[in-house]
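This report looks at one protein chain, going from its overall make-up to the aromatic rings within it. Please keep the sequence and the structure in view while reading.

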Amino acid sequence: TRLRAGDPYLHEEVERAHRLVMGESVRKSMASTCESLDVFPPCRLPEEVADDDYTYEETSAPLPIIAQRLFNDQRRRDAEAAAAGGRAGRSERRTMTAA
């Protein structure tokens with residue numbers, strides 16, 4: 001098989017899929033943790049977080065900032081899904097395909 005033969009293209013594709021699935025798992029875990037701490041969705045918007053700031057992976061930021069960035073990312077994903085007629089948006093489709 002291609003995997004046993006060490007196909008570099010297949011290996012690269014498997015690594016890419018793994019990164020996507022793990023990244024989505026981390027995002028969902030972070031959102032769940034923020035929800036359990038009652039900071040997601042945020043009750044008030046931190047002024048220093050722009051609407052297009054999705055950098056929730058920056059974990060050195062204070063928790064309310066991370067929660068707002070996660071919320072911004074979720075709103076972006078929801079907008080993608082709405083634009084796709086209620087189907088999965090681009091980010092979600094990419095992760096589902098990788099899984």
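Of the 99 residues in the chain, 30% are buried, and this figure, like every other one here, comes from a predicted model. The accessible surface of the chain comes to about 7100 Å², and carbon and sulfur atoms contribute 54% of that surface.

The chain holds three helices and zero strands, so that, read from the N terminus on, its elements follow the order α-α-α. Among the contacts with a separation of 6 or more, 47% are between residues that lie 24 or more positions apart.

Turning to the rings, one can describe a pair of aromatic rings by the distance of the centres and the angle of the planes. The count for this chain is one aromatic pair. It is formed by Phe-40 and Phe-71, whose centres are 6.1 Å apart and whose planes make an angle of 75 degrees; because an angle over 60 degrees counts as edge-to-face, the pair is placed in that class. The two residues are 31 residues apart and link distant parts of the chain, as the table sets out together with their accessibility.

| Residue | Location | Relative accessible area |
|---|---|---|
| Phe-40 | loop between helix H1 (8-36) and helix H2 (63-83) | 13%, buried |
| Phe-71 | helix H2 (63-83) | 23%, partly exposed |

Since buried means under 20% relative accessible area, Phe-40 at 13% is buried, whereas Phe-71 at 23% counts as partly exposed.

Another ring, that of Tyr-54, has the charged end of Arg-76 sitting over it, at 4.8 Å from the ring centre.

Definitions and conventions: Residues numbered from 1 in each chain as written. Predicted model: local features only at pLDDT ≥ 70, side-chain atom pairs only at ≥ 80, totals over all residues. Heavy atoms only, no water. Phe/Tyr/Trp six-rings, centres within 6.5 Å; stacked < 30°, edge-to-face > 60°. Helix = DSSP H or I, 4+ residues; strand = E, 2+ residues; numbered from the N terminus. Buried < 20%, exposed > 50% of the residue type's maximum accessible area, 1.4 Å probe, protein only. Lys NZ or Arg CZ within 6 Å of the ring centre and 35° of its normal. Contact = heavy atoms within 4.5 Å. Areas by Shrake-Rupley, 256 points an atom, 1.4 Å probe, with all protein chains shown as cover.
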